[in-house]
Amino acid sequence: MTTRITRPSFIAMAISLSALSGGFTAAAEMDHSQMNHGSAPSAMGGMDHSQPTRERTSQNQTPTADHGKMDHGAMDHSKMNHGSADAARTTSRTPIPVLTDADRKAAFPPLPGHQIHDSAINGFFLLDQLEYQDANDGSALAWDASGWLGGDIDRVWFRSEGERTNGVTEDAELQLLYGRSIGPWWDVVAGVRQDFKPESPQTWAAFGFQGLALYNFEAEATAFIGENGQTAARLEGEYDILLTNRLILQPTAEVNFYGKNDPERGVGSGLANTELGLRLRYEIVRQFAPYIGVSWSRSYGNTADLVREEDGDVSEARFVAGIRVWF
């Protein structure tokens, strides 16, 4: 069947096609430079509008600028608003008050104790050993104490040591010395020593030095001159090994020399005897510490011969337990 197109209908169709073609042409030739984006063009002159609006908004997303194509060179940083930062920087603050003597006194109160080289009188007492000893002849009580009274340069020192066995005093002595500092770590001392036991009392003149050797090794070296021309010398040393801040191992040593034989007191000339000790203490507080340990003593030469004549032991090891106190 043939469809006939009348002239009026053909004319209407042509007019419609012409209008449609004109609309597409106008859309293609639209000048985007005339679009008003407010202040956005000045800051983002390189924004890419080449993609159709329909594609950018097809998934209900807000159209975004293509920052890869943004022209940051066109941005005028000199016109950016830094007013808030400047205002914060220039905001006035409360000035720091000037320190006064009262402020300094409150921050640094005077410390207790004495000042170096002042005229105050100070003192110190150390009961280094007060111990029970398990001796061959029975139980023994031994002590070793020292202390001083005075200033930083000049002091009066005392030393005392002794031993009681089965309730009887076998050995006891007391030294009273004047000490003067000759350096940060050393003192020279001079004075008297009084022996109460053994046998009858005897007085000695004493002089020597004491202090800290290398690595905090405490040392004493003292020479003695007796009433009857007897001479003697004693060397003592001890060292603290810190196993922990409170657990301390202390080795000790004592060596005695005599110038001539003294059978009445059981000592001979030359090297008379030595005593070595090893004590482990625990400082409950710094001023009080119980300890346990061992001591070993030995006699030599003429002194050993005198000990044998009295049926004594030339060498003896003892278990010890005691306390150490200072204030």
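## A walk from a hairpin to a surface patch

In the hairpin of S3 and S4, Asn166 takes a positive phi near 55 degrees, and the hairpin has 2 residues between the strands. Keep in mind as you look around that this is a predicted model.

Stay with those two strands for a moment. S3 covers residues 154-165 and S4 covers residues 168-181, and they pair in the antiparallel sense over 12 bridges. If you want a landmark along that pairing, find Asp154, which stands opposite Arg180 in S4.

Now follow the chain onward. A second hairpin takes you from S4 to S5 through 4 residues. S4 and S5 (residues 186-197) run antiparallel too, joined by 10 bridges. Here the landmark is Gln175, whose bridge partner in S5 is Arg193.

Arg193 is worth a stop, as it leads to a pair of rings. Its charged end sits over the ring of Trp204, 4.9 Å from the centre. Arg193 also lies over the face of Phe224, at 4.5 Å from that ring's centre.

How do the rings themselves meet? The structure holds 6 aromatic pairs. In one of them, the ring centres of Trp148 and Trp157 are 6.5 Å apart and the planes are at 45 degrees, so this pair is tilted. Trp148 and Trp157 are both buried. Trp204 and Phe224, the two rings under Arg193, form an edge-to-face pair, with 6.3 Å centre to centre and 75 degrees between the planes. That pair links distant parts of the chain: Trp204 is in strand S6 and Phe224 is in strand S7, 20 residues apart. Trp204 has a relative accessible area of 3%, so it is buried. Phe224 counts as buried as well, because its relative accessibility is 2%. Elsewhere, Phe125, Phe158 and Phe327 form one aromatic cluster.

From buried rings, turn to the outside. Between strand S6 (202-213) and strand S7 (217-226) there's a loop, and Leu214 lies in it. Is Leu214 buried or exposed? Its relative accessibility is 69%, so Leu214 counts as exposed.

Leu214 has company out there. It belongs to a nonpolar surface patch of about 1,200 Å², whose members also include Tyr132, Tyr215, Phe217, Tyr239 and Phe319. Strands S11 (270-282) and S12 (288-299) each supply at least two residues of the nonpolar patch. Among the patch residues to pick out on your screen are Leu278, Leu280, Ile292 and Val294.

Conventions:
Residues are numbered from 1 along each chain as its sequence is written. This is a predicted model: local features need pLDDT of at least 70, side-chain atom pairs count only at pLDDT 80 or more; totals for chains, interfaces and linings use all residues. Side-chain values use heavy atoms; hydrogens and water are left out. Patches are made of residues with over 30% relative accessible area and no salt bridge: like charges are joined within 9 Å, nonpolar side chains (Val, Leu, Ile, Met, Phe, Trp, Tyr) within 5 Å. Accessible areas come from the Shrake-Rupley method with a 1.4 Å probe; for residues, only the protein chains shown count as cover. A salt bridge is a side-chain nitrogen of Lys or Arg within 4 Å of a carboxyl oxygen of Asp or Glu. Buried means under 20% relative accessible area, exposed over 50%, partly exposed in between (1.4 Å probe, protein chains only). Rings of Phe, Tyr and Trp (its six-membered ring) pair if their centres lie within 6.5 Å; planes under 30 degrees apart count as stacked, over 60 as edge-to-face and the rest as tilted. A charge sits over a ring if NZ of Lys or CZ of Arg is within 6 Å of the ring centre and within 35 degrees of the ring normal. Two strands pair if DSSP finds at least two bridges between them.
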